[in-house]
Amino acid sequence: MSLAERKAIAERWAGLDEADLTALADSGLSIAEADLLIENVIGRYSLPFAVATNFRINGREILAPMVIEEASVVAGCSYAAKLFRHGGGISASADDSIMIGQIQLLDLSDMEKAIDTIMSWKDEILQKANEAGGSIVARGGGALDMEARPIRNTAVGDMLILHLHYDVCDAMGANAVNTAVEQIAPLIESLSGGRVNLRILSNLSDRRLARASGMIPRESLATDDASGAEVVKWIIEAAAFAEVDPYRAATHNKGVMNGIDALLLATGNDWRAVEAGAHAYAARSGRYTSLTKWRMDEEGNLCGEIELPLALGIVGGATRAHRGTQTALKLLGVKSASELAQIAAAVGLAQNLGAIRALATDGIQQGHMRMHARQLALAAGAEPGSARAIAHQLIDEGNIRMERALEIARDWNKQI
Ligand code: MEV
């Protein structure tokens, strides 16, 4: 389909209005808005906004918006979502939106006594945390519980780490949690006689996990050169490699995050926070491993699953400031942060399948180089109108290299 046809379908699908179409056409962020968002702004920076197709998640049809510069990611994700469809689609679930705020307490003369005192005042501390108020507390969220984690013999002696568990509802929640831990720090100091140093949320939000799983019938994985059973075997071998080897796990998980980050960027979420949490979660056993698991069921079909922390919001943060994120949320039709986290988990699982299926069969370079040829043509100074033709020529010549792209682009530009 042409870009215009794709856009028209998305428009009908999600009932996009004039403001959405303007946001898609014009990056969704004015220069004046950009200047309010961060410091020292001198311009704006655009990336492609695409949709991954074929997703069926918990029985619902989903078009997943993706903002990413890397070729083949959207196609790989859409293809894998189609494979999952053959097995009935992807099932997903997510925990409640519980974030962890951390308080670092030092200089305690008696660790056990400090823990007892703080815990006996838990109700008062939680109440104090909620006095900071804000829209999350107004919506029924707020501080729920506390946990004490003594850590002994660090480089600076013993320390008591207090965790505040905080329900952030449909927000990512960093601001609410950081405000709450700052609010209770003086009370913690006076109860314990200790000294508070850091007060900040943890990005290892392991009380806010999302999961997705699905099955692909063996025969759907057959290629011209290999049977479905062979491809299932090769994919499971690839997954076993990532489970045991951190060098491979890092790349395997990068493939997962290709999909998740693209969805997070589209929806205005903090992808650095999710990246940090995902990789910390992947190392929770003490050895870094893969975020997904793949196995064969009794009928020889391929089954995959993923679990990772997904602290996402559909309100607050950049979800308000950037108009494009509103369009992305509209395309998804999500009503809660938990629903968005479920879709993100499903997209991560599909993206991983797309990558390891390609790696375990044809390799990724064939498809990738086609798209790379277009990027080379653009980088060589071709106009968008001639970039496709130049890319075709590079592919036909079997010479997808910058020097050749520059030569052909020069010839084209001369003709213009
Ligand atoms: C490239 O962006 C991602 C892959 O390297 C992921 C993987 O190796 O599984 C293809």
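How much space lies in the second largest pocket? I looked this up before anything else. The answer is about 160 Å³. I note here that the model is predicted.

**Entry: the whole chain**

I stepped back to the chain as a whole. It has 416 residues, and 45% of them count as buried. I listed its secondary structure and got 17 helices and ten strands. The C-alpha trace spans about 80 × 55 × 40 Å along its principal axes. I then turned to contacts with a separation of 6 or more. Of these, 72% are between residues 24 or more positions apart.

**Entry: the pocket lining**

I went back to the second largest pocket. Its lining has 13 residues. Nearest the centre I found Ile68, Glu69, Met257, Asn258 and Asp261. I sorted the lining by class: seven residues are nonpolar, five are charged and one is polar.

Which helix gives the most to this lining? It is α10, with six residues. Helix α10 covers residues 246-266, and α11 covers 271-282; each of the two supplies at least two residues of the lining.

**Entry: asparagine 258**

I picked Asn258 from the residues nearest the pocket centre. It sits in helix α10. Is asparagine 258 buried or exposed? Its relative accessible area is 14%, under the 20% cut-off, so I count it as buried. I also looked up its contacts, leaving aside neighbours within four places in sequence. They are Met66, Ile68, Glu70, Val73 and Gln351. Ile68 is also among the residues nearest the pocket centre.

**Entry: helix α9**

I moved to α9, residues 228-244. Its 17 residues reach 25 Å from first C-alpha to last, close to the expected 24 Å. I listed its buried residues: Gly228, Val231, Val232, Ile235, Ala238, Ala239 and Ala242. Why do I say that they line one face of the helix? Seen down the axis of α9, the buried residues fall within an arc of 125°, so they line one face. The general rule helps here: an α-helix has 3.6 residues a turn, so residues three or four places apart point the same way.

What covers these buried residues? I found that the cover includes α10, β9 (292-296), β10 (302-309) and α14 (337-360). Helix α10 is thus on my list twice, here as cover for α9 and earlier as a part of the pocket lining.

**Entry: helix α16**

I checked a second helix, α16, residues 384-397. Its 14 residues should span 20 Å at 1.5 Å a residue, and the end C-alpha atoms are 20 Å apart, which agrees. Ser386, Ala387, Ile390, Ala391, Leu394 and Ile395 are buried in α16. Their cover includes α15 (365-379) and α17 (402-415). After α16 comes glycine 398, with a positive phi near 65°.

**Entry: positive phi**

That glycine sent me to look for positive phi elsewhere. Most residues other than glycine have a negative phi. I noted two residues that are not glycine and have a positive value. Asparagine 54 has a phi of about 75°, and cysteine 169 has one of about 55°.

Where are they placed? Asparagine 54 is in strand β1, residues 49-57. Cysteine 169 is in the loop between β6 (157-167) and α8 (174-192). I compared their accessibility too. Asparagine 54 is partly exposed, at 25%, whereas cysteine 169 is buried, at 16%.

Methods
Residues are numbered from 1 along each chain as its sequence is written. This is a predicted model: local features need pLDDT of at least 70, side-chain atom pairs count only at pLDDT 80 or more; totals for chains, interfaces and linings use all residues. Side-chain values use heavy atoms; hydrogens and water are left out. On a 1 Å grid over the protein atoms alone, a cavity is a set of points where a 1.4 Å probe fits but cannot get out, and a pocket is an open set with protein on both sides within 12 Å along at least five of seven lines; lining residues have an atom within 4 Å of a point. Grid points are joined across faces, edges and corners, and a volume is the space filled by probe spheres set on the points. Helices (H or I, at least four residues) and strands (E, at least two) are DSSP runs, numbered from the N terminus. Ala, Val, Leu, Ile, Met, Phe, Trp, Tyr, Cys and Pro count as nonpolar, Asp, Glu, Lys and Arg as charged, and the others, Gly among them, as polar. The expected span of a helix is 1.5 Å times one less than its number of residues. Buried means under 20% relative accessible area, exposed over 50%, partly exposed in between (1.4 Å probe, protein chains only). The arc is that of the directions from the helix axis to the C-beta atoms. Contact means heavy atoms within 4.5 Å.
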